[in-house]
Amino acid sequence: MTARPTKQTAAHSGGDAIRLRSLTRSYRSGDSTVTALDQVSLAFPRGTFTAVMGPSGSGKSTLLQCAAGLDRPTSGSVLVAGTELTGLSETGLTLLRRERIGFVFQAFNLLPALTAEQNVALPLRLAGRRVPQSRVREVLRQVGLGDRARHQPTEMSGGQQQRVALARALITRPEVLFGDEPTGALDSQTSREVLTLLRSMVDGEGQTIIMVTHDPVAASYADRVVLLVDGRVDGELTGASADDIAARTTRLEAVPC
Ligand code: ADP
């Protein structure tokens, strides 16, 4: 495996971009209750890159959904830049997601009839905000697509499409960028290019990133790996190599349910 890129461990501007306090999410399933997240407390300092890993069913998606204001916890709290999400109305949550949170998923979810720049501008248009063309071009340049602004998704490779999705997620300068297996649909070389770009957003722009992944190589680009088992934090790895992460997660997968 290739060496990990250099990492910057100190947060850029101090403070936590997001903080989870005793976060618990239970689901009723027939007569029983499934506790997907059980008293999870985590802080995500500004300008840091965190990978969330764990076996299937360990609560990764639930953590992402609650932290991003897409789902409401059963108890506990989520603070995004000091704003308590549990106190927000549905409209307040929608605004927070639109203005302060960015998402990239495994599927690029671009609109095929729109050009790269139109896709990137979409979140601002949907929010009824002015779309400064200079900002659209700036963020496309940041992801290395300054010369592809007028191209449609079908004219682009998978890696380029994911970079358009990344530019779209960053257009609002979100407090936190969430990734749900953002490189899951890409080949390993293209994955590395996208991960290098994510890393540079953290190091160069002070972006905070939280990414769910199964891939130890992807996780090795993060400053920290949070390991979930049965809805609880089972441990953390800091500055770990892909091999170290793989060794640890293989042990977790081997734990009998
Ligand atoms: P992961 O993303 O790590 O695979 P999830 O967060 O999707 O884990 O799920 C954690 C646990 O919560 C699992 O046992 C899952 O079956 C359960 N769960 C998740 N969503 C629901 C739901 N909507 N209703 C019932 N149970 C759910």
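# Notebook: surface, spaces and a few odd phi values

I began with the outside: the accessible surface of the chain comes to about 11700 Å², and 49% of that belongs to carbon and sulfur atoms. A reminder to myself is that I am working on a predicted model.

**Overall build.** I counted the secondary structure next and got 8 helices and 10 strands. I then checked the radius of gyration: the chain has 18 Å, which agrees with the value near 18 Å that a compact globule of 257 residues would have. Along the principal axes, I read a C-alpha span of about 50 × 45 × 40 Å. For burial, 50% of the 257 residues count as buried. I also looked up how far apart contacting residues sit in sequence. Taking contacts between residues at least 6 apart, I found that 69% join residues at least 24 apart.

**Largest pocket.** How much space lies in the largest pocket? My note says about 440 Å³. Its lining has 16 residues, and R97, R98, I101, F103 and P123 lie nearest the centre. Two or more lining residues come from each of helix 2 (90–100), strand 6 (101–105), helix 3 and helix 5. I wanted to know which element gives the largest share of this lining. Strand 6 does, with 4 residues. By class, I sorted the pocket lining into 9 nonpolar, 4 polar and 3 charged residues.

**Helix 3.** The pocket led me to helix 3, which gives residues to its lining. This helix covers residues 116–126 and is mostly covered, with 8 of its 11 residues buried. I wrote down the buried ones as A116, E117, N119, V120, A121, L122, P123 and L124. P123 is thus a buried residue of helix 3 and also one of the residues nearest the pocket centre. What do the buried residues of helix 3 pack against? I found helix 4 (133–142) and helix 5 (158–170). Just after helix 3, I noted G128 with a positive phi of about 70 degrees.

**Positive phi outside glycine.** Most residues other than glycine have a negative phi. I therefore stopped at the exceptions, given that general rule. N109 has a positive phi of about 55 degrees and is not a glycine. I placed N109 in the loop between strand 6 and helix 3. N109 counts as partly exposed because its relative accessibility is 46%. My other entry here is E181, also not a glycine, with a positive phi near 50 degrees. E181 is found in the loop between strand 7 (176–180) and helix 6 (188–205). Is E181 buried or exposed? E181 has a relative accessible area of 13%, so I logged it as buried, the cut-off being under 20%.

**A loop residue.** T154 lies in the loop between helix 4 and helix 5. With 68% relative accessibility, T154 counts as exposed. I took one distance from here: T154 and E193 are 20 Å apart in space, C-alpha to C-alpha, and 39 residues apart in sequence.

**Closed space.** Last, I searched the whole structure for cavities of 30 Å³ or more and found 1. About 40 Å³ of space lies in the largest cavity. Which residues line the largest cavity? I listed C66, G69, D71, R72, P73, V78, L85, T86 and L93. This cavity lining divides into 5 nonpolar, 2 polar and 2 charged residues.

Definitions and conventions: Residues are numbered from 1 along each chain as its sequence is written. This is a predicted model: local features need pLDDT of at least 70, side-chain atom pairs count only at pLDDT 80 or more; totals for chains, interfaces and linings use all residues. Side-chain values use heavy atoms; hydrogens and water are left out. On a 1 Å grid over the protein atoms alone, a cavity is a set of points where a 1.4 Å probe fits but cannot get out, and a pocket is an open set with protein on both sides within 12 Å along at least five of seven lines; lining residues have an atom within 4 Å of a point. Grid points are joined across faces, edges and corners, and a volume is the space filled by probe spheres set on the points. Ala, Val, Leu, Ile, Met, Phe, Trp, Tyr, Cys and Pro count as nonpolar, Asp, Glu, Lys and Arg as charged, and the others, Gly among them, as polar. The radius of gyration is taken over C-alpha atoms; the globule rule is 2.2 Å times the number of residues to the power 0.38. Buried means under 20% relative accessible area, exposed over 50%, partly exposed in between (1.4 Å probe, protein chains only). Contact means heavy atoms within 4.5 Å. Accessible areas come from the Shrake-Rupley method with a 1.4 Å probe; for residues, only the protein chains shown count as cover.
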